[in-house]
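I opened this entry to keep a record of what I looked up, in the order I looked it up. The sequence and structure come first, then the notes.

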Amino acid sequence: METKLCKWCGSIVKGRTDKKFCNDYCRSAFHYKQKDEKPEIMKRIIRQLERNWVLLGTWKKKGLQSVDIKAARMQGFVEDCYTGVETKNGKRRKLVFDRAFVYEKGGGVIRGI
Ligand SMILES: [Zn+2]
């Protein structure tokens, strides 16, 4: 049987053949470190996507049909930060995960929330 070494501390792993870590501490330390090693740019974009997603939800809850782009930016919205694009009823909407908005450059408002 081949000897397997813990992916975190390098100790010999005993037990099931599919085990990668010697214990729970090593497993969570490894996964925490991996999470932590995302490049700063990635962390920043993820934070911004979350911010946009929360704002879209907040505006929808308030029943707003449109939000002035300047007001949106003041609240931390960045219109160039989205996860995808879809066309619905002939209109291109930008997606932030499961929430959508329409922003036409020069239009001055975020719509279709
Ligand atoms: Zn270990």
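**Burial and overall form.** I began with burial across the protein chain: buried residues make up 16% of its 113 residues. I am working from a predicted model. I then looked up the radius of gyration, which is 22 Å for the protein chain, whereas a compact globule of 113 residues would have one near 13 Å. Along the principal axes, the C-alpha atoms fill a box of roughly 65 × 30 × 25 Å.

**Domains.** I checked the domain assignment next. It splits the protein chain into domain 1 (4–36) and domain 2 (40–111). Taken over C-alpha atoms, the centres of domain 1 and domain 2 are separated by 40 Å.

**Secondary structure and contacts.** I found three helices and seven strands in the protein chain. Read from the N terminus, the order of elements is β-β-α-α-β-α-β-β-β-β. I also looked at sequence separation: among contacts between residues at least 6 apart in sequence, 39% join residues at least 24 apart.

**Nonpolar core.** Which residues form the largest nonpolar core? I listed twelve: Leu55, Leu56, Trp59, Val67, Ala72, Phe77, Tyr82, Val96, Ala100, Phe101, Tyr103 and Ile110. Helix H2 (40–61) and S6 are the elements that give two or more residues to this core. H2 provides the largest share, three residues. I note the general background that nonpolar side chains tend to be buried together in soluble globular proteins.

**The sheet S4-S5-S6.** I traced an open sheet of three strands in the order S4-S5-S6, with antiparallel pairing. Strand S4 (84–88) and strand S6 (99–101) each have a single partner strand, so both stand at the edges and one side of each is left without a neighbour in the sheet. From one strand to the next, the twist averages 40°. As general background, strands of a sheet pair through backbone hydrogen bonds, either parallel or antiparallel.

I then went through the S4 pairing. Five bridges join S4 to strand S5 (residues 91–96), and the two run antiparallel. In this pairing, threonine 87 of the one strand stands opposite arginine 92 in S5. How many of the five residues of S4 are buried? The count is zero, and I noted S4 as hardly covered.

**Positive phi, asparagine 89.** I looked for backbone outliers, given that most residues other than glycine have a negative phi. Asparagine 89 is not a glycine, yet its phi is positive, about 50°. I placed asparagine 89 in the loop between S4 and S5. The hairpin of S4 and S5 has two residues between the strands, and asparagine 89 takes its positive phi there. Is asparagine 89 buried or exposed? Asparagine 89 has 6 other C-beta atoms within 10 Å, so I entered it as exposed; the cut-off for exposed is 12 or fewer.

**Positive phi, phenylalanine 97.** The next entry is phenylalanine 97, also a residue other than glycine, with a positive phi near 60°. Where does phenylalanine 97 sit? I found phenylalanine 97 in the loop between S5 and S6. Phenylalanine 97 has 13 C-beta neighbours inside 10 Å and therefore counts as partly exposed.

Methods. Residues are numbered from 1 along each chain as its sequence is written. This is a predicted model: local features need pLDDT of at least 70, side-chain atom pairs count only at pLDDT 80 or more; totals for chains, interfaces and linings use all residues. Two strands pair if DSSP finds at least two bridges between them. Helices (H or I, at least four residues) and strands (E, at least two) are DSSP runs, numbered from the N terminus. Axes are lines fitted to C-alpha atoms, for helices over the stretch in contact, and angles run from 0 to 180 degrees between N-to-C directions. A nonpolar core is a set of buried Ala, Val, Leu, Ile, Met, Phe, Trp, Tyr and Cys residues joined through C-beta atoms within 7 Å. A residue is buried if 20 or more other C-beta atoms lie within 10 Å of its own, exposed if 12 or fewer, and partly exposed in between; C-beta atoms are placed from the backbone. The radius of gyration is taken over C-alpha atoms; the globule rule is 2.2 Å times the number of residues to the power 0.38. Two residues are in contact if their C-beta atoms, placed from the backbone, lie within 7 Å. Domain bounds come from an automatic or database domain assignment.
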